[in-house]
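Me: Please take a close look at one part of this structure and explain which side chains come together there. I am a first-year student, so a step-by-step account would be welcome.

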Amino acid sequence: MKRHKKYPFEKLKGELSIEDSSMNISLQGYYEERLITYFEGGAIEACIHYYNRDFHGPCYFFAKNGQVVEELCFFNGQRCGKSHRYYSSGELRAEEYFYYGKREEGHTYYYKNGHIKSQVHYRKDRLHGGFSR
């Protein structure tokens, strides 16, 4: 993805709460900066929240058509909680879970038509319990 130009960090303070009862996650904090980057035509490419210049909080990545293609959440620079990836047309592509940067729980991948393509289970970033199609 080619950026139009560099953009400054925007000073912004906001509360951060990551809750996921299925993974027993309850994290509280705040972020202090936001960076928004744009494609050459002016559409938003990414919106990323930071604390001490580490990814911290929600992060969104977009296709050139404006559709969200990835939604992630970070805590102190590490992925935490549920992440979603989408096809550029908007259909759900993947649902993944992370705990302090490590893959956890069931990750589900989908075809564009919404049918499940595969499911993979992780525990502490290692395959656990198999893989199904």
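Reply: A suitable place to begin is Arg79, which lies over the face of Phe98, at 3.8 Å from the ring centre. The model is a predicted one, and the values that follow are computed from it.

Arg79 also has a charged partner. Its salt bridge is with Glu96, and the closest N and O atoms of the two residues are 3.6 Å apart. Because Arg79 belongs to strand β6 (residues 78–79) and Glu96 to strand β8 (residues 92–99), this pair ties together parts that are 17 residues apart in sequence. Is Glu96 buried or exposed? With a relative accessibility of 6%, Glu96 counts as buried, because buried means under 20%.

Glu96 has a further partner, Arg85, and in this salt bridge the closest N and O atoms are 2.9 Å apart. Arg85 is found in strand β7 (residues 81–86) and Glu96 in strand β8, so here the parts tied together are 11 residues apart in sequence. Arg85 has a relative accessibility of 26% and is therefore counted as partly exposed.

A general principle helps at this point. Side chains of opposite charge can pair when their charged atoms come close. A search of the whole structure finds 3 salt bridges. Another of these joins Asp125 to Arg103, with 2.8 Å between the closest N and O atoms. This pair links distant parts of the chain, for Asp125 sits in the loop between β10 (116–123) and β11 (126–132), whereas Arg103 is in strand β9 (residues 102–110), 22 residues apart. Asp125 is partly exposed, its relative accessible area being 30%, and Arg103, at 30% relative accessibility, also counts as partly exposed. Returning to the starting point, Arg79, Arg85 and Glu96 are joined into one network by salt bridges that share partners.

Strand β8 also leads towards the aromatic side chains, since the loop between β8 and β9 holds Tyr100. A pair of aromatic rings is described by the distance of the centres and the angle of the planes. The structure holds 4 aromatic pairs. One of them is formed by Phe75 and Tyr100, which are edge-to-face, 6.4 Å from centre to centre and with 90° between the planes. Phe75 lies in strand β5 (residues 68–75) and Tyr100 in the loop named above, so the pair ties together parts 25 residues apart in sequence. Phe75, at 10% relative accessibility, counts as buried, whereas Tyr100 is partly exposed, with a relative accessible area of 34%. Tyr100 pairs with Tyr99 as well, again edge-to-face, at 4.9 Å centre to centre and 85° between the planes. Tyr99 has a relative accessible area of 35% and is partly exposed. Elsewhere, Tyr50, Phe55 and Phe74 form one aromatic cluster.

A final contact concerns the loop between β9 and β10, where Asn113 is located. Asn113 has a relative accessibility of 54% and counts as exposed. The side chain of Asn113 reaches the backbone nitrogen of His115 at 2.9 Å. Asn113 and Arg93 are 20 residues apart in sequence, and their C-alpha atoms are 9.7 Å apart in space.

Key
Residues are numbered from 1 along each chain as its sequence is written. This is a predicted model: local features need pLDDT of at least 70, side-chain atom pairs count only at pLDDT 80 or more; totals for chains, interfaces and linings use all residues. Side-chain values use heavy atoms; hydrogens and water are left out. A salt bridge is a side-chain nitrogen of Lys or Arg within 4 Å of a carboxyl oxygen of Asp or Glu. Helices (H or I, at least four residues) and strands (E, at least two) are DSSP runs, numbered from the N terminus. Buried means under 20% relative accessible area, exposed over 50%, partly exposed in between (1.4 Å probe, protein chains only). Rings of Phe, Tyr and Trp (its six-membered ring) pair if their centres lie within 6.5 Å; planes under 30 degrees apart count as stacked, over 60 as edge-to-face and the rest as tilted. A charge sits over a ring if NZ of Lys or CZ of Arg is within 6 Å of the ring centre and within 35 degrees of the ring normal. A polar contact is a pair of N or O atoms within 3.5 Å; within protein, one must be able to donate a hydrogen and the other to accept it, and residues adjacent in sequence count only if both atoms are side-chain atoms.
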